[in-house]
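Here are a few short exercises to work through with the model open in your viewer. Try each task before you read its solution.

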Amino acid sequence: MKSIRGRVLATAAVIGLMTGPALANDSVINNIKNTSNWATQLGNYQGHRYSPLDQITKQNVKDMRVAWTFSTGVLRGHEGGPLVIGDTMYIHTPFPNAVYALDLKNEGRVKWKYEPRQDANVIPVMCCDTVNRGVAVADGKVFLAQADNTLVALDANTGKVVWSAKNGDHAKGETLTAAPVVVKDKVLVGISGGEFGVRGHLTAYDVKTGKQVWRAYSTGPDKDVMIDPKKTMMMGKPIGEADLGVKTWNGDEWKIGGGTTWGWYTYDPELNTIYYGTGNPGTWNPAQRAKDGKPVDNKWSMTIFARDADTGQAKWVYQKTPFDEWDYDGVNENILADLTIGGKKRKTLVNFDRNGFGYTLDRETGELLVAEKFDPKVNWADKVDMKTGRPQVNPKYSTFANGEDTNSKGICPAALGSKDQQPASFSPDTGLFYVPTNHICMDYEPFKVSYVAGQPYVGATLSMYPAPGSHGGMGNFIAWDATTGKIKWSKPEKFAVWSGALTTKSGVGFYGTLEGHVVAFDMNDGKELWRFKTPSGIIGNVNTYMHDGKQYVAVLSGVGGWAGIGLAAGLTDPTAGLGAVGAHANLGEYTQLGGVLTVFEVPNRKQSAELKK
């Protein structure tokens with residue numbers, strides 16, 4: 001029955017992608033429909049990170065070998081992954097944000113290279129390494145969000161600049177790290193800098209000209225946030241009260257309120273709706289964001305937004321962690337899948353939040369359907385109230401008590417989250433979600449901090465360590481049933497699993513490890529089928545494509561990001577890197593810096609025979 005259900009769901013997904021050219025960008029839709037491609041960073045608009053390719057199977061994956069490699073020439077953390085459109089692969093790097101177009105007919109010969117000239121002063125205001133999560137391709141253009149806040153459109157054939165637009169100012173702590181997404185005639189991009197008091201926003205630019213079409217802020221008056229309190233829904237009813245993005249802050253703190261949008265953006269063409277999350281409120285010291293000595297929600301930080309793609313107007317909102325006290329940044333991907341819950345088929349959105357809860361919502365209405373811990377060690381909250389949608393905070397692990405900031409120990413998860421930005425995968429064949437997770441706890445010491453434009457606005461010292469009483473490692477890779485909120489199986493790893501997952505039609509899935517392994521697993525039970533160590537730790541996303549009749553698997557390795565910031569920036573103080581250095585103090589014993597693309601294949605019979613000789 002599962003295989004029949006899977007085929008129905010997969011067919012429905014394809015039909016959904018093919019509906020009406022007016023509903024989505026034609027070139028993106030066509031590139032996604034060609035299953036030989038890997039056309040977007042998340043695989044499709046819905047964020048499934050699933051491929052219907054099935055040449056690499058449970059039987060032959062053990063024979064997988066390196067087909068070819070390519071050095072990016074850049075150190076530090078390589079997040080995101082390669083895109084493949086036809087005979088061309090597009091890859092990117094951390095700062096200085098080079099983009100390469102590689103010829104797949106000639107083992108990755110460089111067709112063109114784009115390397116922008118950027119002010120190096122942007123590097124110190126990049127909170128958690130100089131990462132970039134990848135490019136987008138549409139309408140004959142490659143779109144890149146540069147660290148210096150320049151959104152650039154490149155000619156896909158030549159690499160020459162078609163247009164550029166300025167999205168922010170690094171002198172204020174604003175940077176760009178997220179991958180753009182093209183929806184219809186617009187390219188969407190967010191903003192980074194939550195640890196610098198940046199006020200978050202999502203902006204739509206015209207694909208042809210680069211002209212700004214709309215901008216929706218994360219905090220502030222309803223006009224700025226593009227909320228209509230009479231129409232925008234929250235937990236099944238209109239918000240009602242106006243300007244909560246101002247009223248739920250202490251004074252003018254909303255102006256430096258964080259809520260940055262550096263994660264992933266998904267899109268439902270049938271509903272014409274964009275989904276994304278907003279980040280932590282600034283500062284990390286909750287006492288400075290309290291009002292009259294009492295907690296307030298700090299809206300609309302830590303919130304899932306559903307917006308009309310044409311106008312930017314908010315359709316519904318759901319705040320996962322009101323009055324965040326732990327830096328549980330809410331930007332993780334929102335995966336769109338049609339699931340049967342309580343005997344009813346629902347258009348759902350599934351989110352694995354930094355706070356350790358896995359949420360299933362109705363993506364049409366924002367109704368909360370499931371909210372359960374996807375890491376059993378989570379202790380900051382006991383559960384989520386299904387009527388209000390609010391977490392029930394355990395006061396033992398609060399960092400705010402009696403109107404003051406409070407030191408707290410043993411908080412699980414750490415600010416790194418039970419999962420950070422590393423995207424999960426959904427298989428329409430199994431109906432399960434495959435989730436790379438972290439297994440780390442922390443001690444948290446808030447302190448008062450003053451805002452200065454372009455300077456860190458953090459206000460907390462963190463110490464991180466493996467979750468006590470666990471397997472001793474700092475990572476788990478899990479399979480999750482979003483209809484019930486239950487873990488189906490869990491596979492432990494030595495370090496946090498900071499790589500995006502991939503699932504395929506053959507029942508073989510893939511992920512990368514922080515020390516540099518690419519791992520193939522059986523999607524039914526998590527059994528490891530194959531493992532290969534690449535030159536550097538993997539914080540990028542494993543992708544697959546087909547070229548000249550053969551399936552390949554490709555990944556960017558290059559340790560760094562927040563989890564690997566100690567190696568990336570040469571930091572040794574355990575509390576440095578916003579606490580992450582201590583958590584991965586011995587990572588350097590297993591891997592070192594280096595940006596490399598590794599492409600894998602399963603040899604055909606002729607190649608296998610030659611290898612045996």
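**Exercise 1: a buried threonine**

The side chain of Thr 232 comes within reach of the backbone oxygen of Ala 314, at 2.9 Å. Keep in mind that this is a predicted model.

Task: Find where Thr 232 lies, decide whether Thr 232 is buried or exposed, and list what Thr 232 touches beyond four places in sequence.

Solution:
- Start with the location: Thr 232 sits in the loop between helix H3 (222-225) and strand S15 (233-234).
- Next, the accessibility: the relative accessible area of Thr 232 is 0%, so Thr 232 is buried.
- Then the surroundings: setting aside residues up to four places away in sequence, Thr 232 touches Ile 227, Lys 237, Pro 238, Ile 239, Ala 314, Lys 315, Trp 316 and Val 317.
- Finally, go back to the polar contact: Ala 314, one of those residues, offers its backbone oxygen to the Thr 232 side chain at 2.9 Å.

**Exercise 2: the annotated aspartate**

Task: Which residue carries the UniProt feature "active site", and what is that residue in contact with?

Solution:
- Check the record: an unreviewed UniProt entry puts "active site" at Asp 327.
- Place it in the fold: Asp 327 belongs to the loop between strand S20 (314-319) and strand S21 (334-341).
- Look at the exposure: relative accessibility is 2%, so Asp 327 counts as buried.
- Collect the contacts: leaving out neighbours within four places in sequence, Asp 327 meets Glu 195, Asn 280, Trp 284, Arg 354, Ala 415, Tyr 444 and Trp 562.

**Exercise 3: another threonine**

Task: Work out whether Thr 40 counts as buried or exposed.

Solution:
- Locate Thr 40 in the loop between helix H2 (26-33) and strand S1 (50-51).
- Take the relative accessibility, 16%, and compare it with the cut-off: buried means under 20%, so Thr 40 counts as buried.
- Add the contacts: not counting residues up to four places away in sequence, Thr 40 touches Val 28, Ile 32 and Leu 83.

**Exercise 4: the whole chain**

Task: How does the radius of gyration of the chain fit with that of a compact globule?

Solution:
- Count the elements: there are seven helices and 42 strands in the chain.
- Apply the globule rule: 613 residues would give a radius of gyration near 25 Å, and the chain has 22 Å, so the two agree.
- Look at burial: 65% of the 613 residues count as buried.
- Round off with contacts: among those between residues at least 6 apart in sequence, 62% join residues at least 24 apart.

Conventions
Residues numbered from 1 in each chain as written. Predicted model: local features only at pLDDT ≥ 70, side-chain atom pairs only at ≥ 80, totals over all residues. Heavy atoms only, no water. Helix = DSSP H or I, 4+ residues; strand = E, 2+ residues; numbered from the N terminus. Buried < 20%, exposed > 50% of the residue type's maximum accessible area, 1.4 Å probe, protein only. Polar contact = N/O pair within 3.5 Å; in protein donor to acceptor, adjacent residues only side chain to side chain. Contact = heavy atoms within 4.5 Å. UniProt positions renumbered as here; feature names shortened; annotations may be inferred. Rg over C-alpha atoms; globule rule 2.2 N^0.38 Å.
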